[in-house]
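Biologist: Please take a close look at one part of this model for me. I would like the internal spaces and their linings, with the setting around them.

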Amino acid sequence: MSSRLELSIVIPAVNEELRLPETLEKIHAYLAAKGMSAEVVVVDDGSTDRTAEVVDAASRRFPEIRRITNPTNHGKGFAVRQGMLDARGEIALFSDADLSTPIEEADKLIAAIREGSYDAAIGSRGLDRRLIESHQSAMREAGGKLFNRVVRFFTGLPFADTQCGFKAFRRDRARILFEQQRIVGFGFDPEILFLAGRHGLRVAEIPVRWAHDPGSKVKFLRDGLQMLGELWTIRRNAWRGLYPRRKS
């Protein structure tokens, strides 16, 4: 592997022994086809199944893969933060373990950062719903749209979709976001985007293909209520001065 890494792909994982083998195969094939110098960082966040063994087996075949392991589960936001801070690529992208957004869609995000002079690019299901290949239940979709309206109200963010688990960042510019990130659960995405605005990063929202996976780990009612509370936490953290702006 080249000493200069163009791309880091961070995958938070909890009990993903069944889905990870195919996911890692697809990511390896994508990187090989692109000829990119890259790494794949799987953050095993307290799995109790064979996730660690699956990742290690894949790393013996594909040297770009490495594993970070937490003895206990902390939350998706914690795992993403850990992986992004440990990443070494010029661009760092995080993706869900199920590849609900196909890894090939990374082309769009990388191009926005490299060619459009953006500091970050986020995948969006809200900009062009024709790209959704498999929908969630009507209740989940309605809940997602309502949550996005609440996000806009609490944070002032302009995005049509903050929750798509497919986001890329120019690592040197974005490191401060993950250093200041405090939310460790599923509601971390609005916090990261709020911090991006606070620190003057240019963020592109890019429509991407997406398919709902019935094995999604998000529990509609429980996690939805928690994420609503975390929006209040973002506002409170800002008022308390916990997100100091970078020094010029």
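Modeller: What follows goes from the whole chain to its cavities, then to one pocket and a few loop residues.

The model is predicted. Start with the overall fold. The chain carries eight helices and nine strands. Along the principal axes, its C-alpha trace spans about 45 × 45 × 40 Å. The radius of gyration is 17 Å, and a compact globule of 248 residues would have one near 18 Å, so the chain agrees with that expectation. Buried residues account for 51% of the 248. Contacts reach far along the sequence: of those with a separation of 6 or more, 80% join residues 24 or more positions apart. The accessible surface comes to about 11,600 Å². Carbon and sulfur atoms hold 53% of that surface.

Now the enclosed spaces. Two cavities reach 30 Å³ or more. The largest cavity has a volume of about 40 Å³. Its lining consists of Met84, Ala92, Arg171, Ala174, Arg175 and Phe178. Helix 6, residues 171-180, gives the most to this lining, with four residues. By class, the lining has four nonpolar residues, two charged ones and no polar ones. The charged pair is Arg171 and Arg175. Met84, Ala92, Ala174 and Phe178 make up the nonpolar part.

The second largest cavity has a volume of about 30 Å³. Ser95, Asp96, Leu99, Ser100, Thr101, Cys164, Gly165, Phe166 and Trp210 line this space. Here the classes come to four nonpolar, four polar and one charged. The charged residue is Asp96. The polar residues are Ser95, Ser100, Thr101 and Gly165.

Asp96 deserves a closer look. It sits in the loop between strand 4 (91-95) and helix 4. Its relative accessibility is 19%, and the cut-off for buried is under 20%, so Asp96 counts as buried. Beyond its neighbours within four places in sequence, Asp96 is in contact with Ile11, Lys76 and Gly165. Gly165 also appears in the lining of the second largest cavity.

Next, an open space. The second largest pocket holds about 150 Å³. Its lining includes Arg19, Glu22, Thr23 and Lys26. Also in the lining are Ala97, Asp98, Leu99, Pro102, Ile103 and Glu104. Asp213 is there too. By class, this pocket lining has six charged residues, four nonpolar and one polar. The polar residue is Thr23. Leu99 lines this pocket and also the second largest cavity. Glu22, Thr23 and Lys26 fall within helix 1, which covers residues 20-34.

Two loop residues complete the picture. Asparagine 15 lies in the loop between strand 1 (7-13) and helix 1. Its phi is positive, about 50°, although asparagine 15 is not a glycine. With a relative accessible area of 34%, asparagine 15 is partly exposed. Serine 117 also has a positive phi, near 60°, and is a residue other than glycine. Serine 117 sits in the loop between helix 4 (106-115) and strand 5 (120-124). Helix 4 therefore has Asp96 in the loop before it and serine 117 in the loop after it.

Terms used
Residues are numbered from 1 along each chain as its sequence is written. This is a predicted model: local features need pLDDT of at least 70, side-chain atom pairs count only at pLDDT 80 or more; totals for chains, interfaces and linings use all residues. Side-chain values use heavy atoms; hydrogens and water are left out. On a 1 Å grid over the protein atoms alone, a cavity is a set of points where a 1.4 Å probe fits but cannot get out, and a pocket is an open set with protein on both sides within 12 Å along at least five of seven lines; lining residues have an atom within 4 Å of a point. Grid points are joined across faces, edges and corners, and a volume is the space filled by probe spheres set on the points. The radius of gyration is taken over C-alpha atoms; the globule rule is 2.2 Å times the number of residues to the power 0.38. Buried means under 20% relative accessible area, exposed over 50%, partly exposed in between (1.4 Å probe, protein chains only). Contact means heavy atoms within 4.5 Å. Accessible areas come from the Shrake-Rupley method with a 1.4 Å probe; for residues, only the protein chains shown count as cover.
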